[in-house]
Amino acid sequence: MASNEALPLRFYGDPVLRRKAEAVPAVTDEVRALIESMFATMYTEEGVGLAAPQVGRSLRVFVVDVEDEDNPRVKQAFVNPTIVERSGEVVGEEGCLSIPGIRADVKRYARVVVEALDADGKPFRQEAEGLLARALQHENDHLDGILFLDRLGPITRRLLEAKWKRVRPDEAASSASRSPARGDTPDSATSR
Ligand code: NI
């Protein structure tokens, strides 16, 4: 796979987004190329996070590039991540690059600590609050086939599902598509 090439996004309705992704056995050059392509895709789509299933790869990998007022910028790939600490709770707006045009308030832990491997296969530990904490939980959910819609109450969810069917009838009816996506993000103008 050529690196730095943006990949087509998978959209809500595509079964790959519902699969539990598999652990990466070793951080090889192929995995690094996937990571580079995921960053390229995320920047093309103006998101702040992207998980491998969103580009059709059912692997436990996600990338983020997040900065907010209270925290330094974190641009990082997470391979085989585990959330090892969770505390507090906070409600904030989220979107998803795989569900463009749909946004909602989602309750998340206010602070998390994630352990993962980086793109060199080295273990690291990331403490996060604010937007980064939200992004890490959102992306980690993708690896378990969970979408932010699943975190909403039934009424809100039903309304948003109906909206999705109106704005994206093709994806709602079937699956994979290669339409360009925009929209997404918490608290700003970007997305995951
Ligand atoms: Ni997402």
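Four aromatic pairs turn up when the whole of this predicted model is searched. Let us begin with the rings of Y12 and W164, whose centres lie 6.0 Å apart. Their planes meet at 55°, so this pair counts as tilted. If you trace the chain between the two partners, you will find that they are 152 residues apart: Y12 belongs to the segment before α1, while W164 sits in helix α3, residues 154-167. Both Y12 and W164 are buried.

Another aromatic pair brings together F39 and Y43, and this one is stacked, with 6.1 Å from centre to centre and 20° between the planes. Here the partners are four residues apart in helix α1, about one turn of the helix. How buried or exposed is each of them? F39 has a relative accessibility of 8%, so F39 counts as buried. Y43, with a relative accessible area of 37%, is partly exposed. Elsewhere, F62, F78 and F124 are linked by ring pairs into a cluster.

Rings can also have charges for company. Look again at F39: the charged end of K75 sits over its ring, 5.0 Å from the centre. A similar arrangement can be found at F11, where the charged end of R168 sits over the ring, 4.7 Å from its centre.

K75 is a handy guide to the strands, too. What is its bridge partner? K75 in β3 is paired with D65. The strands concerned are β2, residues 61-68, and β3, residues 71-87, which pair in the antiparallel sense over seven bridges. Together β2 and β3 make a hairpin, with two residues between them.

Now follow β3 to another neighbour. Strands β3 and β6 run antiparallel and are joined by six bridges. To find a spot where you can see this, look for I83, which stands opposite V114 in β6.

Next come β4 and β5, an antiparallel pair joined by six bridges. Within this pairing, E93 stands opposite D105 in β5. Strand β5 is a good place to compare two faces. Which residues lie on its covered face, and which on the uncovered one? The covered face holds A104, V106 and R108, whereas R103, D105 and K107 make up the uncovered face. This fits a general pattern: in a regular strand, side chains alternate between the two faces of the sheet.

Charged side chains add further links. Over the whole structure, a search finds 18 salt bridges. One of them joins the side chains of E93 and R103, at 3.3 Å from N to O. This pair links distant parts of the chain, with E93 in strand β4 (residues 90-95) and R103 in strand β5 (residues 103-108), 10 residues apart. E93 has a relative accessibility of 33%, so E93 counts as partly exposed. R103 is also partly exposed, because its relative accessible area is 26%.

Another salt bridge brings the side chains of R125 and E115 together, at 3.1 Å from N to O. R125 lies in strand β7 (residues 123-129) and E115 in strand β6 (residues 111-117), so the pair ties together parts that are 10 residues apart in sequence. At 43% relative accessibility, R125 is partly exposed, and E115 is partly exposed at 34%. This contact has company as well: E85, R111, E115, R125 and E127 are linked in a network of salt bridges.

For a last stop, find R10 and D14, whose side chains meet in a salt bridge at 3.0 Å from N to O. Are these two residues buried or exposed? R10, at 26% relative accessibility, counts as partly exposed. D14 has a relative accessible area of 4%, and residues under 20% count as buried, so D14 is buried. This salt bridge therefore joins a partly exposed residue to a buried one.

Key:
Residues are numbered from 1 along each chain as its sequence is written. This is a predicted model: local features need pLDDT of at least 70, side-chain atom pairs count only at pLDDT 80 or more; totals for chains, interfaces and linings use all residues. Side-chain values use heavy atoms; hydrogens and water are left out. A salt bridge is a side-chain nitrogen of Lys or Arg within 4 Å of a carboxyl oxygen of Asp or Glu. Buried means under 20% relative accessible area, exposed over 50%, partly exposed in between (1.4 Å probe, protein chains only). Rings of Phe, Tyr and Trp (its six-membered ring) pair if their centres lie within 6.5 Å; planes under 30 degrees apart count as stacked, over 60 as edge-to-face and the rest as tilted. A charge sits over a ring if NZ of Lys or CZ of Arg is within 6 Å of the ring centre and within 35 degrees of the ring normal. Two strands pair if DSSP finds at least two bridges between them.
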